[in-house]
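Visitor: I am new to this structure and would ask for a close look at one part of it. Please begin with a single loop residue and then lead me outward to whatever surrounds the strands and helices of that region.

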Amino acid sequence: MVLGCAATGLAYAVFALAGWLLVDIRQPLPVVLGGLGGLLLLFLAVQGLGQVARMEAELAMRMLGPSQADALEARIAQLAASRAEIMDVVHEERRRIERDLHDGVQQRLVALGMLIGRARRGQDPERAAELLRQAHEESRRALDELREVAWRVHPAILDQAGLRTALEAVAERSPLPVRIGYAVPGALPRAVEAAAYFVVAEAVTNVVKHAGASTVDVQVTEEDGVLDVRVRDDGAGGADAARGSGLAGLASRVAALDGRFRVDSPAGGPTVIGAMLPCA
């Protein structure tokens with residue numbers, strides 16, 4: 001029926017056009033009306049073809065696609081894998097914090113106690129004053145390292161001032177120039193803010209340690225309920241999420257929120273690390 005309607009409309013339009021060009025018509029109104037009617041039928045036929053194609057696609061998906069039970073099983077398997085990955089990330093993060101506390105803060109506190117003990121036992125006032133000055137410097141460095149560990153666990157500024165300010169703080173703390181582009185009109189869920197922050201913080205840390213880059217560009221935008229986070233550097237490239245525990249952890253963190261994580265890092269650069277995080 002749809003094809004017949006299309007053929008009829010096309011025939012009307014062609015006959016009207018041919019009659020207009022080849023025949024001396026004294027009353028053009030019937031020809032014009034016939035041509036317009038043909039074009040209308042042709043338009044309706046095209047619309048009908050689109051609807052038929054859509055119905056066939058939906059029917060094929062329903063008949064040949066996965067059933068609801070299959071979809072639920074696939075979703076359960078995905079959530080189980082994501083949960084296992086998150087547990088691995090949590091354990092790895094805990095071990096990293098333990099190493100930081102043991103190798104950094106704890107050693108400085110031990111040195112601080114030794115300096116204070118030597119100052120108390122000493123008989124020379126000048127020597128005691130020098131030891132106390134060293135102890136004061138050691139306590140300041142221990143406090144800085146402890147604050148750094150707490151910052152990596154969860155920065156308080158993220159809850160106090162939001163994602164944009166936390167990312168600006170990451171840029172300020174980085175030894176490389178970091179440009180922040182932030183275009184998010186409204187507030188974000190806390191889990192999304194935390195995931196976006198750690199994507200940027202870990203990516204910038206990796207750039208500083210391994211990429212040999214001179215600049216880092218961070219772009220955070222939100223469109224249609226999806227937060228798009230991109231970190232680009234001009235380094236040597238070669239980053240691989242499968243080999244680096246930090247990037248693998250970020251991929252698991254993003255997957256836990258039903259997001260998508262990607263790493264585009266050809267040899268020679270540039271490297272682009274991105275995450276798409278649903279905000280709803």
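Guide: At a relative accessibility of 41%, Asp 258 counts as partly exposed; the scale calls a residue buried under 20% relative accessible area, exposed over 50% and partly exposed in between, with a 1.4 Å probe and protein chains only. Asp 258 sits in the loop between α8 (245-255) and β4 (260-264), and its phi is positive, near 60°, although the residue is not a glycine. Helices (H or I, at least four residues) and strands (E, at least two) are DSSP runs, numbered from the N terminus.

The model is a predicted one, in which local features need pLDDT of at least 70 and side-chain atom pairs count only at pLDDT 80 or more, while totals for chains, interfaces and linings use all residues. Residues are numbered from 1 along each chain as its sequence is written, and side-chain values use heavy atoms, with hydrogens and water left out.

A positive phi also occurs at Asp 224, where the value is about 55°. Asp 224 lies in the loop between β2 (216-223) and β3 (226-233), and it is exposed, with a relative accessible area of 74%. The two strands form a hairpin with two residues between them. β2 and β3 pair in the antiparallel sense over eight bridges, where pairing requires that DSSP find at least two bridges between two strands. At the end of β2, Glu 223 stands opposite Val 226 in β3.

β2 also has β1 (residues 178-183) as a partner: these strands pair in the parallel sense over six bridges. Within that pairing, Ile 180 has Val 218 of β2 as its bridge partner. The chain passes from β1 through α7 to β2, and this β-α-β crossover is left-handed. For comparison, a right-handed crossover is one whose path from the first strand over the helix to the second runs clockwise when the strands point away from the viewer.

The helix of that crossover, α7, covers residues 190-211. Its 22 residues should span 32 Å at 1.5 Å a residue, and its end C-alpha atoms are 30 Å apart, which agrees; the expected span is 1.5 Å times one less than the number of residues. After α7 comes Gly 212, with a positive phi near 65°.

These elements share a nonpolar core, meaning a set of buried Ala, Val, Leu, Ile, Met, Phe, Trp, Tyr and Cys residues joined through side-chain atoms within 4.5 Å. The largest such core has 38 residues, and those with the most contacts inside it are Leu 163, Tyr 197, Val 216, Val 220 and Leu 227. Two or more residues come from each of α6 (163-173), β1, α7, β2, β3, α8 and β5 (271-278). The helix α7 gives the most, with 13 residues.

Leu 227 shows how the parts meet. Setting aside neighbours within four places in sequence, Leu 227 is in contact with residues including Leu 163, Val 192, Ala 196, Val 220 and Met 276, where contact means heavy atoms within 4.5 Å. Apart from the largest core lies another one, of five residues, among them Leu 112, Leu 115, Ala 119 and Leu 131.

Tyr 197 deserves a further word. Both Tyr 197 and Phe 198 are buried, and the structure holds one aromatic pair. The ring centres of Tyr 197 and Phe 198 are 5.2 Å apart and their planes meet at 75°, so the pair is edge-to-face. Rings of Phe, Tyr and Trp (its six-membered ring) pair if their centres lie within 6.5 Å, and planes under 30 degrees apart count as stacked, over 60 as edge-to-face and the rest as tilted.

The region may finally be placed within the whole. The protein has eight helices and five strands, which run α-α-α-α-α-α-β-α-β-β-α-β-β from the N terminus on. Of its 280 residues, 29% are buried. Among contacts between residues at least 6 apart in sequence, 65% join residues at least 24 apart.
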